Structure formats: C-alpha cells, structure tokens
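User: Could you walk me through this one? I'd like to go question by question.

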Amino acid sequence: MKHFLKNMGNRKILKENEVKSLLKEYNIPTTGYALVKNEKDLKKISLPYPLVMKICSPKYTHKTDVGGVKLGIKSEDELVKVYKDFQKKFAGENFIIETMEKPGVEAIVGLVHDPTFGLSIMFGLGGIFTEIFKDVVFRVLPIDRKDAEDMMSEIKSRKILGGFRGIKVSRDALINILLNVSNLGVDFQNSIKEMDLNPVFLREKDAVVVDARMIIK
Amino acid sequence: MLLLKKGNPCLKANRDLITIFIQSYSAYKLMSLERFFNPKSIAVIGASRTPGKIGYETLKNTLVYDYKGKMYPVNPNADEILGQKCYPNVKAVRDKIDLALIVVPAEMVPGILEECGKKKIKNAVIVSSGFIEIGEKKLAENILLIAKKYGIRILGPNTMGFKNPVDGLDASFVFGMPYKGSISVVSQSGALSIGVIYHALLEKIGLSKVIGMGNKLDIDDADIIEYLEKDPSTKVIAMYIQAAQNGKKFVSAAKKCSKPIVVIKAGKTKAGAKAVSSHTGAMAGSDKIYDGVFKQADIIRVNDVTELFDVSNALANQPPARGNRVGIISNGGGAGILLADACSDNDLEVPYLNNYTVKKLKKILPPLVTPGNPVDLVADAGFHRYEMATKAVLEDKNIDGVIVTCVHGGYARPREYTGAVLKMVELQRNDPKHDKPIISCWIGGREIEEVTEDLKNEYIPVYQDTTRAVNAMKALVKEGSRLGLHNKGI
C-alpha cells in the first residue's frame, strides 16, 4: 500500500480501484475492473460484457444515491453512451468499469480500528438489512481458521451459509476471504482505520468482492 | 535459566540475550506477584489509631483472621495500635518486608514509595484514592516512575486491596472474609467485590483470592491472569471488567491461560455517537468487539454476579462435559420439562437413553412408568431410586452430564435426594469412569435451602432454579470444548 500512501496527499479514502488492486495482492477475489480517465480508455477495455460503470471518486460515499452506478451495460455502444452521460453528471471525475457479477448471498466483510484492541475484522450478512439486524460478529486480528469458522456459525442467519432452501454457498471461499483480509489487516494495521467489502457475493463455487472502500488513518 | 539448561544454540547472538533478559524479567515479575499475594511480612503504612479510618480498618482486618505472617504498622505519631508495636517509617523495621499496604493521602504516596524502594520492598498496594480517577494524571505518572526505578509492583491505586482466604490474609480496608475455595475473583470495582464476597458467603462458595484492581496503574488484567494461572489454589478466574487496560496484552494472556475465565463486562450500552464513515465502523460498538474478543479467547461472558458465581462454581467443582448431551432426573414432571426446555434453548441436547439404561431404570421404577429423558422418578421416589437412576444415567454412553432436580412436592424426601447426590459425586470424584458433571437443581423455599447445605458443604454446585442449573451445565460443555474433550469419550 506504500505506493498509494505516497500519492494520497490529504486524501483519507482510497479509490475503489486502489482497494481492489490491494485485495488482489492478497488473493481476495474481486470483480474484473478497469479505470477510465477518457473516452480512448474505453477502447482498451477487454472485460467481458455485461459491464458496470461506477463513479470512482472519494467525493461520493453513496454512489447509487447520486446516480453514479449503471448496471448491465451490454455492448460497446451502450458503454460509450453511459460514459458520456456520466461525464455530464460528474465533470472531471474518473470512472471504473467492472464485470457484472452473478449474484449470490450478500455478505459484508470489514476492518475497523478499535482503540482498545486494535484492528478488528467484522463479518455479517450484507445487503440493505445489515444495519437493521446488526447480525455481525467481530474478532481481533489476527484470526485463524477456527476463528473464521466460529464467526460463520455465530451470526444469527448462519443457516443461510449452511444451505437453506437450496441456497448454496462455498464456505471455503468465504473462509479464505476472511483469512486473507486478516493477513492484509495485519500488514497494514497501523494505516487502516476502516475497510468495507460490501457486498461480497457468496456463491456456490466461489465468492467475489463487488464493492470495496477503505479509509486510512 | 531454563533456556541455558536447554542448551539453546543461539545464545551468542545479542538478540537472544535480550530475549532471555526479557523472559527472566517477566519471570521475575511473575515471581514477584506470587509473593505479592502470599507475603510473609506486611507493613501497613498510614496505620491509624482512629476506628473507622481506613488506616485503622486495614490494620484491624489484617489482624482479625489467621494470617501467620508478620505485621508492621507504620505511623510516626503512635507507639502502638491495636496492641501492635508501631514504627515511624519502614526504614525503622529491621526485618524484610514483602508487601506495603499504603493508606496515606495521595500527595504523600510518592515520598512513601521512595522509602519503600530504599527498603527494597517490591510489592505495594496503594489503597489511597485521588489519582487518575479525579484527573491527577501527573501524580500517577510520578508514582509509576518511582515504581519502575525500584522495581516495585503496584496494585491500584484507588483499590480496596485484596483478600487471600486460603492463607487467612485480609489485605483490604473492608471487612468480610470468604470461605476458602478455588475461585479467584478479580474486580475493577472495589464496592462490587465486597458485594461479591457476601454473596459467596451466603451461597457457601469458596474463594481463593479476591483482588480489587483499582486504577490498574501497573498490575493490569493480563498480569493477574498470568499470575492466577500459575497460582496452585486457583481453578477458575472470575472477573468484573469495565475496560481492559491493554487490549492486545489482555487477549494474549487470556488465550494462553489454561484455566477457565468467566467475565462480567460492564458498560454495554456506551453511546457510540462518534462520526463513522463505513458500514463496519457503524456496526462496531465497543461491546460487539469485546464480545468477539471473549469468544476468541474462550472466555465465558456472563451478565451479573449471580451468573458469575453459578458458572464459576460449576467450573471449579465439577468436571468439564465431553459433549452437549444432558440426562435429566426429577421427582416430578414439571421441573424435568422446564430443564429440557432450557437445555434446548441453550443448544444442549436431551437425547434418548440407551436400551441398557432403560432396562436398569425399569427395575427401579413403578410398573406403569416408562423411563425417558427427562427421567421422572415420580412423587414417591426415595433415596434408592434417586441413587440408582443417577448412576444409570451417568453411566449411559449417550449422556455427557446429568442434572438432578428435586421439587418440594408433598411426598418428596429432599434430604434423601441430596444424600443420593452426595454419594454419586463421591463416586464421580473418585472413579474416572464416572467423570461426568452432576448439577443439582433443588426448587422450593427455605426448607429446601436448608437441605442443600449438605451439598454446599461438599462444594457440590446446587441451583435454586432450572435456567441457572442449565446455564451451569452449558458452561461445563463450553469448558469441555475449550479443552478439546468433546467426542473423546471417557
């Protein structure tokens, strides 16, 4: 992360592409993505359709609320159209193009600095109900495999992870994400204030981080 | 020293020498805590002639019980207090002093601590208040510097002190001595620890140490966990915590601890009104993180003093369960069903008994009664039926622990039932084949209370209601899991 920190200036929030490239370094699977700074960049994109375009700026915390997310872009023509539309709305900003992932059970994985115990990892089922049900659990870093398994069996909605009404989730893929997030957190425990991987799609054979943000101290 | 004996090959390297130094320093610190709570000689600095003053009460408390060590009251204005020769200062005491109980006003503490350092006193309880708790940070820092200079370990300041019932030592200013036992209570609140002592007295629960932590200026929760883990008279560490002093050190000490730790953590609803900018940040009240920490370190979290003792008493005086399958024995349907309900609410199973056990039970039950689990011994049960049923269920391969209950029905003979439990616990304690927990649940007012004294006198956990009994069993199941005993069989 040192290379990001160098160019941060007064910025406290990492851009989505920055967080995702960091996740990749720690073998945490994410969507495919490409940063576009101008229209020419659109030609270079080799990601498979359908695609997603998002505003990529620390200025916007809730991207959907400002119309900064466009899902299901099916062709290059449409991509150019959406790009032009975004340019009008968010002049001077960068955009990120991502692969549109097949949905799964939505989970949230996060890191937060606790004044007593230091950096802690959070896991819970995600989506819009996360903050209502508060069905999340924490562990202090570092965690081991048993901690990861305990976290999964501690949330109230644990049945969803165990195959409820035909919903299938790869427990191993989730455990790997939790362990790798722990490794990432340990390496940057003095820099990270908070991190959200939300949502993470938990699917039958794998899991993928769809959106990611990080705030540094 | 140990490393030298093992012939560590890397001794030459400086780094290893430093490691050894740190290890031996930690060992020294541990040793010094051993002496801290088992001193052979004590100076009460600030001993007073005036009854009711803390300096008087502290000295008196040290004298009341059967503590065998030497006492040195220190007060420059008195020749004798409570029949004890008084000294003007610690220097005037010829003998070695293991522990100083400091009860002088806060501003005098640095000077007194200097004198203690020069006298080579290594352990000090600073009872005096008036430090960090009222914003006197400088004074506290000054004290810590002096302590570091002379290698003095400090309990407090602003603490009630400690009690060591095993050695009959009351090193505190508040009156009251618990029975001897194997639960050590560590409390950040002095007043609560007094409440705890009287609660334990009433319940006839024996304690090993009661330690008031005060401001945790030097000795913190992690230090105490490390000390109590090595203390031979402690089996269970029961803690009341408002805030852990050094989070990472606490987690690591608790994880390493081989003995069970039970914690009340106060301050659950601390307003988390800070500005947060992520979902994770918004979710992370400090209590949620404490919850995670406790689970990570296999600490059992409880909600109040009653529960603290219910759980600690079971852990101290009954073996861990090797699984979560519970057998229930009762003399009436209701209590048995309530226990079964509480088990299922707490992820404990109440399985079918095996055929062999059913056959054994049929022999002792009236002809029309079908043995099940819960086993209903029916209203006219006596000593024999209770004894045989408890033994049969205890020996059942499908069962990891037994809850024996007695309700005060018209025909009931509670004293015969306690007799059966006494006999079964004796068997359990002496025969490894019967090494499964037995929890008693005796329901029904004062007469029943009196009967349960028989059990309490033998350190057998007995509870006055069903959820409390099940909670105790659940703790023994958790302890079995912590120790990796589940599904291992006897």
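What follows is a set of questions and answers on this predicted model.

User: Let's start with chain A. How many helices and strands does its secondary structure come to?
Analyst: Chain A has 217 residues, of which 40% count as buried. Its C-alpha trace spans about 50 × 45 × 30 Å along the principal axes. The secondary structure comes to eight helices and 11 strands.

User: And what is the radius of gyration of chain A, set against the globule rule?
Analyst: For 217 residues the globule rule gives 17 Å, and chain A comes out close to that, so it is as compact as a globular protein of that length. As for its contacts with a separation of 6 or more, 62% are between residues 24 or more positions apart. The radius of gyration of chain A is 18 Å.

User: Now the packing. Which helix gives the most to the largest nonpolar core?
Analyst: That core has 188 residues, and those with the most contacts inside it include Leu178(A) and Val200(A) from chain A, and Ile45(B) and Leu339(B) from chain B. The top contributor sits in chain B and gives seven residues. It's helix H17 of chain B, residues 466-482.

User: How many residues are in the second, separate core?
Analyst: This one includes Tyr33(A), Leu51(A), Cys56(A) and Leu79(A). The second core has 14 residues.

User: Leu101(B) is among the residues with the most contacts in the largest core. What does Leu101(B) touch, leaving out residues up to four places away in sequence?
Analyst: Two of its partners lie in runs that also matter for H3(B): Thr58(B) is one of the buried residues of that helix, and strand E1 (41-45) of chain B is packed against by the buried residues of H3(B). The full list for Leu101(B) is Ile42(B), Val44(B), Ile45(B), Thr58(B), Val125(B), Val127(B), Gly161(B) and Ala171(B).

User: Which strands do the buried residues of H3(B) pack against?
Analyst: Helix H3 of chain B covers residues 54-64, and its buried residues include Ile54(B), Tyr56(B), Leu59(B) and Thr62(B). These buried residues pack against strands of chain B, namely E1 (41-45), E2 (70-74), E3 (80-81), E5 (99-102) and E9 (169-172).

User: On to the interface. Which helix gives the most to the side of chain B that touches chain A?
Analyst: Here 20 residues of chain B are in contact with 28 residues of chain A. Helices H8 (247-256), H9 (279-283) and H10 (286-296) of chain B each give two or more residues to that side. The residues there divide into eight nonpolar, nine polar and three charged. With seven residues, the top contributor is H10(B).

User: Any backbone oddities? Which residue does a cis peptide bond join to Pro142(A)?
Analyst: Pro142(A) is in the loop between strand E8 (136-140) and helix H6 (145-154) of chain A. Omega of the bond is about -5 degrees. The partner is Leu141(A).

User: Where is Pro199(A) found?
Analyst: Pro199(A) also has a cis bond before it, from Asn198(A), with omega near 5 degrees. Its place is in chain A, in strand E9, residues 192-202.

User: Is Lys216(B) buried or exposed?
Analyst: Lys216(B) has a positive phi of about 55 degrees although it is not a glycine, and is found in the loop between strand E11 (207-212) and helix H7 (221-230) of chain B. The cut-off for a buried residue is 20 or more other C-beta atoms within 10 Å. Lys216(B) has 24 such neighbours, so it counts as buried.

Methods:
Residues are numbered from 1 along each chain as its sequence is written. Chains are lettered from A and ligands numbered from 1 in the order in which they are written. This is a predicted model: local features need pLDDT of at least 70, side-chain atom pairs count only at pLDDT 80 or more; totals for chains, interfaces and linings use all residues. A nonpolar core is a set of buried Ala, Val, Leu, Ile, Met, Phe, Trp, Tyr and Cys residues joined through C-beta atoms within 7 Å. A residue is buried if 20 or more other C-beta atoms lie within 10 Å of its own, exposed if 12 or fewer, and partly exposed in between; C-beta atoms are placed from the backbone. Helices (H or I, at least four residues) and strands (E, at least two) are DSSP runs, numbered from the N terminus. Two residues are in contact if their C-beta atoms, placed from the backbone, lie within 7 Å. Ala, Val, Leu, Ile, Met, Phe, Trp, Tyr, Cys and Pro count as nonpolar, Asp, Glu, Lys and Arg as charged, and the others, Gly among them, as polar. The radius of gyration is taken over C-alpha atoms; the globule rule is 2.2 Å times the number of residues to the power 0.38.
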